[in-house]
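Could you walk me through the strand layout and the charged pairs in this one? I'd like something I can read with the viewer open.

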Amino acid sequence: MPQPVPPLPSDADLRSQVRFSTEDGLIWLSGQRMLLMHLASLHALRREMMNTMGPDHTRRLLLRAGYAAGERDALLARQIRPTASLFEMFAVGPQLHRLEGAVRATPEVFEADEEAGHFQCVVRWEHSWEAEIHLREWGPQEQPSCWMLLGYASGYSSAFFRRPVFFKEMQCSTCGHAHCLIEGRFQHEWPDGEQIARDYDPDSMLVCLDELRSQVEALRTGLAPCDSQGPLLGRSRAFQAALALLSKAAPTQVTVLLTGETGVGKERFARALHAMSPRADKPFVAVNCAALPADLIESELFGAEKGAFTGATATRIGRFERAHGGTLMLDELGELPLAAQAKLLRVLQSGEVERLGGHRSTQVDVRVIAATNVDLEKAVEQGRFRRDLLYRLNVYPIRIPALRERVDDIELLAMHLLQKYSALHGKPAPGFSDRALTALRGHSWPGNVRELENLVERGLILTPAGEPIDVACLFPQWSDNGQSTIDDQGHLAQACGADGDLHTASVYDSMQHQGLSLDALEDGLLQEAVRRASGNLAAAARALGMTRPQLSYRLSRIRERTTGTEE
């Protein structure tokens, strides 16, 4: 005899995961972005699919769409109720189905023995949105019609148990029944389990399209500039503009000057340029001019004969000679001492190097790629960089854009890095939550791609295996104060309470510890918001929850107070 199913637990923990951020126009369910849609829009979509693809293709496509949605929701179950019973954890699925307005799902049978490989679940469905619109459009049916809901149940249960689970719709209100009824089992427990599984395989037409897409991507990857670490990735206009300049310079021998902030990937660009050039089979040598002591730079670059200076016990071959026939990258060129700059200029002009302590010159064939995050024009004005050397190097400048200028590339780069670190650490992750991706796109990225690498690796390590990386694992200081949640009556309520009080207390304690006044705290917050938004007042105002005129007024008050103090 089946055991009686306990009542569903309170769904207050699930409702607390729903956030309405009216300022941004976003709705969140935990880390996933959600939408409120008119049922009529889904009705129109279903009608269009039925008319163009036919019932069978439509059914299978909606099954797979529901399956994907169920997989996403299953990730919440063990997160939200980690200490609850197996049934209470599993009940997250039926309760989310209710909360999302899809159907009133009530489990009637629940038997689960994972060790024995047994699972049986019977759920009563009432007010199915799919049955409602299907019956309205096409009238009474002979076969069940809740395809997307059925796929959701199968996807949710498969992800929850981490093994294939499939549900069948045993009765449907489109067939004249008072309500719908579904039953789920592990795949091997269904006599026709393999046939059911085939319903979730991509259609032949979609398989062909996917194969064509894969072939196109493979061709694009083959044509894209790359080095030993793979292709350069980016689709933003700023990135593509820099890439176009790189591609034009590659087949020539022109000296290239790469500029950009720290962490934008100047060495990756230099390696890609070398890999695309006729010198690709020759050495690529990189030297960081800022990392070498001033008294060793010349010997590192140009070499030194034995006895040239104290400690020179053997002849040293310089980087120019090592790179003969290939490419030499001079990174952080702006930090090169003036004496070394003079010798570098001579080498660039003559193509000859003379080792320290030597008496003869050696001819070298080297393509030079210089890179710097320093404004060399200013360095010339300040007397820290030779103007003639700047003219010699600045033949073909390429500015690599900062990551904040490449917002469209952030998700692409983050997924590439996630795959890289998942393989490195042997820890799979399906991706990022929608909320995490939104946070990544909104970050100011002072450390550029290098900072993104660090965040992704840390996020992967902090996230349990098999779960998407959420925003809190990427940005430990993140909080979502000031958003709305839902109470048990379905009304909006502010998501404050104990956590909000804790943050307020922390800010107050910090003020007291640092001896800050309220005005000083406000001034600092305003100026920090503007700095992180790179001077964009509208973006800074949004981050602070105020209008741009309000922010402009307060900044003007800061300038007035500062001017008054100076006077």
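Here's a quick tour of one sheet, followed by some salt bridges. Keep in mind that this is a predicted model.

**The sheet**

Let's begin with an open sheet of five strands, paired in parallel and ordered β11-β12-β15-β10-β16. Its edges are β11 (284–288) and β16 (396–399), each of which pairs on one side only. On average, neighbouring strands here are turned by 20 degrees against each other, ignoring direction.

If you want to zoom in on one pairing, try β10 (residues 256–259) with β16: they run in the parallel sense and share four bridges. Leu-258 has Ile-398 in β16 as its bridge partner. There's a helix on this sheet too: α10 (residues 237–249) packs on it and touches β10, β15 (367–372) and β16. The direction of α10 makes about 150 degrees with that of β16.

**The salt bridges**

The count of salt bridges comes to 28. Three of them are set out here, with the closest N and O atoms giving the distance.

| Pair | N to O distance | Where the partners lie | Sequence separation |
|---|---|---|---|
| Arg-59 and Asp-199 | 3.4 Å | helix α3 (residues 55–80); loop between α8 (193–198) and α9 (204–223) | 140 residues |
| Arg-104 and Glu-126 | 3.8 Å | strand β4 (residues 104–113); strand β5 (residues 118–126) | 22 residues |
| Lys-420 and Glu-453 | 3.6 Å | helix α17 (residues 410–425); helix α19 (residues 448–462) | 33 residues |

Take the Arg-59 and Asp-199 pair, whose side chains meet in a salt bridge. Arg-59 sits in a helix and Asp-199 in a loop, so the contact ties together parts that are 140 residues apart in sequence. How accessible is Arg-59? Arg-59 has 23% relative accessibility and counts as partly exposed. Asp-199, at 21%, is partly exposed as well.

Next up is Arg-104 with Glu-126, a salt bridge between side chains on two strands, β4 and β5. Arg-104 is partly exposed at 40% relative accessibility, and Glu-126 is partly exposed with a relative accessible area of 21%. These two also belong to a wider group: Arg-104, Glu-108, Arg-124 and Glu-126 are linked in a network of salt bridges.

Finally, Lys-420 and Glu-453 link distant parts of the chain, with one partner in α17 and the other in α19. Lys-420 comes in at 38% relative accessibility, which counts as partly exposed. Glu-453 has a relative accessible area of 23% and is partly exposed.

Note on methods:
Residues are numbered from 1 along each chain as its sequence is written. This is a predicted model: local features need pLDDT of at least 70, side-chain atom pairs count only at pLDDT 80 or more; totals for chains, interfaces and linings use all residues. Side-chain values use heavy atoms; hydrogens and water are left out. Two strands pair if DSSP finds at least two bridges between them. Axes are lines fitted to C-alpha atoms, for helices over the stretch in contact, and angles run from 0 to 180 degrees between N-to-C directions. Contact means heavy atoms within 4.5 Å. A salt bridge is a side-chain nitrogen of Lys or Arg within 4 Å of a carboxyl oxygen of Asp or Glu. Buried means under 20% relative accessible area, exposed over 50%, partly exposed in between (1.4 Å probe, protein chains only).
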